[in-house]
Amino acid sequence: MESASSSANEGTISVHNFSEKILEQVVHFHVMKMKDGFFLWIGASSVLSNLAVAMCSKYDSVPLATLVFGDSSDTSPSSLAQRLTKKTKKQVFVSYNLPSTEANLTLLVENRVKKEMELFPDKF
């Protein structure tokens, strides 16, 4: 497991990177923390193939989520953003750039993100 990060003052963006080998594939995570939310990029190579955003709503207990761009048949970025928003109560942007061929991969990736959130809550 690698970890590299930089801290920033309130109102600026801080960056936190980590990697993990999951199901024989090295997965990279890039977090950009903003004032009231964060951007999470997940992938194995330098690709930004989709982007979803989720945020809390005062009208519903389930956070609102939408795909900003990418393949609308791939629900991974939107559903992950929605679950992370529910957990953090923050606006969350997610770009999930891994193949959806392995059913367990998405769950293992999400669990790895949650583990990092527990270890470094100030980075999210």
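# Salt bridges and ring pairs

Biologist: Is Glu20 buried, exposed or partly exposed?

Modeller: Glu20 has a relative accessible area of 24%. A value under 20% would count as buried and one over 50% as exposed, so Glu20 is partly exposed. Please note that this is a predicted model.

Biologist: Which side chain meets Glu20 in a salt bridge?

Modeller: That of Arg112, with an N to O distance of 2.8 Å. Arg112 belongs to helix 2 and Glu20 to strand 2, so this salt bridge ties together parts of the chain that are 92 residues apart in sequence.

Biologist: And is Arg112 buried or exposed?

Modeller: Arg112 counts as buried, with a relative accessibility of 5%.

Biologist: Which other side chain meets Arg112 in a salt bridge?

Modeller: Glu116 does, also with an N to O distance of 2.8 Å. Arg112 and Glu116 are four residues apart in helix 2, so about one helical turn separates them. Both Arg112 and Glu116 are buried. Through shared partners, the salt bridges join Glu20, Arg112 and Glu116 into one network.

Biologist: How many salt bridges does the count come to?

Modeller: The count comes to five. Another of them is formed by the side chains of Glu110 and Arg83, at 2.6 Å from N to O. This pair links distant parts of the chain, with Glu110 in helix 2 and Arg83 in helix 1 (residues 76–88), 27 residues apart.

Biologist: Which of these is Glu110, buried or exposed?

Modeller: Glu110 counts as buried, at 5% relative accessibility. Its partner Arg83 is partly exposed, and the relative accessible area of Arg83 is 35%.

Biologist: Changing topic, how many aromatic pairs are there in the count?

Modeller: The count of aromatic pairs comes to two. In one of them, the rings of Phe18 and Phe29 have centres 4.5 Å apart and planes at 5°. Planes under 30 degrees apart count as stacked, so the Phe18 and Phe29 pair is stacked.

Biologist: Where do Phe18 and Phe29 lie in the chain?

Modeller: Phe18 is in strand 2 (residues 14–22) and Phe29 is in strand 3 (residues 25–34). They are 11 residues apart, and the pair links distant parts of the chain. Phe18 is buried, with a relative accessible area of 2%. Phe29 counts as buried as well, at 1% relative accessibility.

Biologist: What about the rings of Phe38 and Phe124?

Modeller: Their centres are 5.4 Å apart and their planes stand at 85°, so the pair is edge-to-face. Phe38 is part of strand 4 (residues 37–43), while Phe124 is in the segment after helix 2, so the pair ties together parts that are 86 residues apart in sequence.

Biologist: Is Phe38 buried or exposed?

Modeller: Phe38 counts as buried, with 0% relative accessibility. Phe124 is buried too, with a relative accessible area of 3%.

Biologist: One last residue: where does Thr106 lie?

Modeller: Thr106 lies in helix 2, which covers residues 103–119.

Biologist: Leaving aside its neighbours within four places in sequence, which residues is Thr106 in contact with?

Modeller: With those neighbours left aside, Thr106 is in contact with Ser76 and Tyr96.

Biologist: And what separation do the C-alpha atoms of Thr106 and Leu80 have?

Modeller: The C-alpha atoms of Thr106 and Leu80 are separated by 8.8 Å, while the two residues are 26 residues apart along the chain.

Note on methods: Residues are numbered from 1 along each chain as its sequence is written. This is a predicted model: local features need pLDDT of at least 70, side-chain atom pairs count only at pLDDT 80 or more; totals for chains, interfaces and linings use all residues. Side-chain values use heavy atoms; hydrogens and water are left out. Helices (H or I, at least four residues) and strands (E, at least two) are DSSP runs, numbered from the N terminus. Contact means heavy atoms within 4.5 Å. Rings of Phe, Tyr and Trp (its six-membered ring) pair if their centres lie within 6.5 Å; planes under 30 degrees apart count as stacked, over 60 as edge-to-face and the rest as tilted. Buried means under 20% relative accessible area, exposed over 50%, partly exposed in between (1.4 Å probe, protein chains only). A salt bridge is a side-chain nitrogen of Lys or Arg within 4 Å of a carboxyl oxygen of Asp or Glu.
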